[in-house]
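Biologist: Could you pull up the model, so that we can go through it together?

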Amino acid sequence: MSDLDVQQVLSLRYRTSGEADRYTDQLRQHLGLDTKAQVARLAIGRSLALGKLNDGQIDSKGQDIPAVSLFSPENIGAWVGLLVSHALSTGGPHIDSMDALRVAIRSHWHRGALALWADWTNSEQDYDRFIETLVRRSDMPDFAQVKSAGQAGDEPENGKAGEVVDVSAQLVKALEELGIRVQVKDSIQGPRLTRYRVLLMNLADLGKLNRSTSQLGLALNLGSSAATVSNGDEPKTVFIDLPRPRNTWRQVEFLRLRDWASSGHDLNQLALYAGVSVTGEDVSFDLAALPHLLVAGTTGSGKSVCLHSFILSLLLRHRPETLQLALIDPKQVEFSAYARLPLIYRGEIATEVPQAREMLTELVTEMDARYALFSRLGVANIAEARQKGQPIPFIVVFIEEMADLVMRDEAIEQLIERLAQKARAAGIHLVLATQRPDSVTFSGLIRSNIPGRVALTVQKGSESNIILDERGAEDLLGIGDMLIRMPGGSPQRAHGVFVRQQDISQTVSALSR
């Protein structure tokens, strides 16, 4: 290291490959960082944890940045020490000159940027999930997990990471302090919450319990999470659902959806798999009976993953003869994986406003044509037409970020309204998704004709009111936690499937053969 001078290191400029430079800039924008140097440091650190560098040549076509942006006089010694130590410990090229150091920085930046981009993609471009991935890969402790025993994402006070702690005694004591006497009969551990079956000693305390969930959360140190109360399955009992620390959550894997899909094949239904209930049972519903659905939630709530779960539910049970998918994706990235499937309506995904308007116009024409056919056949709907031997497929229209389309083209809103009002009997069904559930983008006419609702986490109770006609979605845990409301029913809580990009790719490949 005799030829390495710290001041000289700080006076140079460094760059990576052209490919890694593009990923670096995209990650900077996605993560809300100010400079590429911040991403470059993350990338170099990510690469240092990956073992020996490959021997392949890496171009240096990226835009260079000054060393004083990448490092600082206070930490440059630590960075150089890490790079040199990594080379020595992995048997890589020795870093004994300025040129060797520049090559090492370029190589680590390149490898790390590609690895970070893979992490971002595998996290479904969800910021919180991406950060969790980085923390899990680190040998450092997660300092975010030492705040409180009950807050989602924190380590239990009296247990190891991942261990579920029974808080029955604390629950009884907290309720006694609120003047409510109870007995905990038993508990069930769901994927994210623990459900306690609680016997009320005095039925008159039920109203007080319902009004005291905020105080109960404070007494149990639940942080921003909320306890929920519902009627029990025995006289004088209620269920109290308490969120658990995030490190005790159990993911709902894609295999669960596949197993569900293989258990039934009613081609007159459009069964959608939402995930599992609070206590772990499968949650699904028939879109054909709804007949339309709104899916809403803020950025990072798991809305896009929820849509993929619904699409895959249909793909695993239907073929082109019984189903066509009309996909409208102004974001241009969410539905691209399905483009080569034979059951895609018109053989294309609408990604631009004119395309979307044209596709919706064609769907209205298709609806009218089907009703004309039904009139000639003397039938009232698609089911009766099928019974008379007409091979008419369902058409399910998925619109990602409806608000964006409606704000840019008023004609699109009118077309959606017409389909929402009349398309049910023709076998055309809508799944509308938005991250801005407000009265401007979700008009009264559309709202009154979209009876099925799925609310993921939202920022305000008023947004929950627009989606569900009641509050509650603002208290969800995020990352696929949802409330599902069917016509005439009360909201049901469910935890969504964790659908990875590779699950989508493998399913599409299998169905495209």
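Modeller: What follows goes from the whole chain to one residue and then to a cavity. This is a predicted model, in which local features need pLDDT of at least 70, side-chain atom pairs count only at pLDDT 80 or more, and totals for chains, interfaces and linings use all residues. Residues are numbered from 1 along each chain as its sequence is written, and side-chain values use heavy atoms, with hydrogens and water left out.

Biologist: How many helices and strands are in the protein chain?

Modeller: The protein chain has 19 helices and 17 strands, taken as DSSP runs (H or I of at least four residues for helices, E of at least two for strands) numbered from the N terminus.

Biologist: And Asp-503, is it buried or exposed?

Modeller: Asp-503, which sits in helix α19 (residues 501-511), is buried (under 20% relative accessible area, with a 1.4 Å probe and protein chains only), yet it has no salt bridge, meaning a side-chain nitrogen of Lys or Arg within 4 Å of a carboxyl oxygen of Asp or Glu. The nearest side chain of opposite charge belongs to Arg-500, 4.3 Å away.

Biologist: Which residues is Asp-503 in contact with, leaving aside neighbours within four places in sequence?

Modeller: With those neighbours left aside, Asp-503 is in contact (heavy atoms within 4.5 Å) with Phe-254 and Phe-498.

Biologist: New topic: which residues line the largest cavity?

Modeller: Its lining is made up of Asp-266, Gln-269, Ala-271, Ser-313, Leu-314, Arg-317 and His-318.

Definitions and conventions. Buried means under 20% relative accessible area, exposed over 50%, partly exposed in between (1.4 Å probe, protein chains only). Lys and Arg count as positive and Asp and Glu as negative; His and the chain ends are not counted. On a 1 Å grid over the protein atoms alone, a cavity is a set of points where a 1.4 Å probe fits but cannot get out, and a pocket is an open set with protein on both sides within 12 Å along at least five of seven lines; lining residues have an atom within 4 Å of a point.
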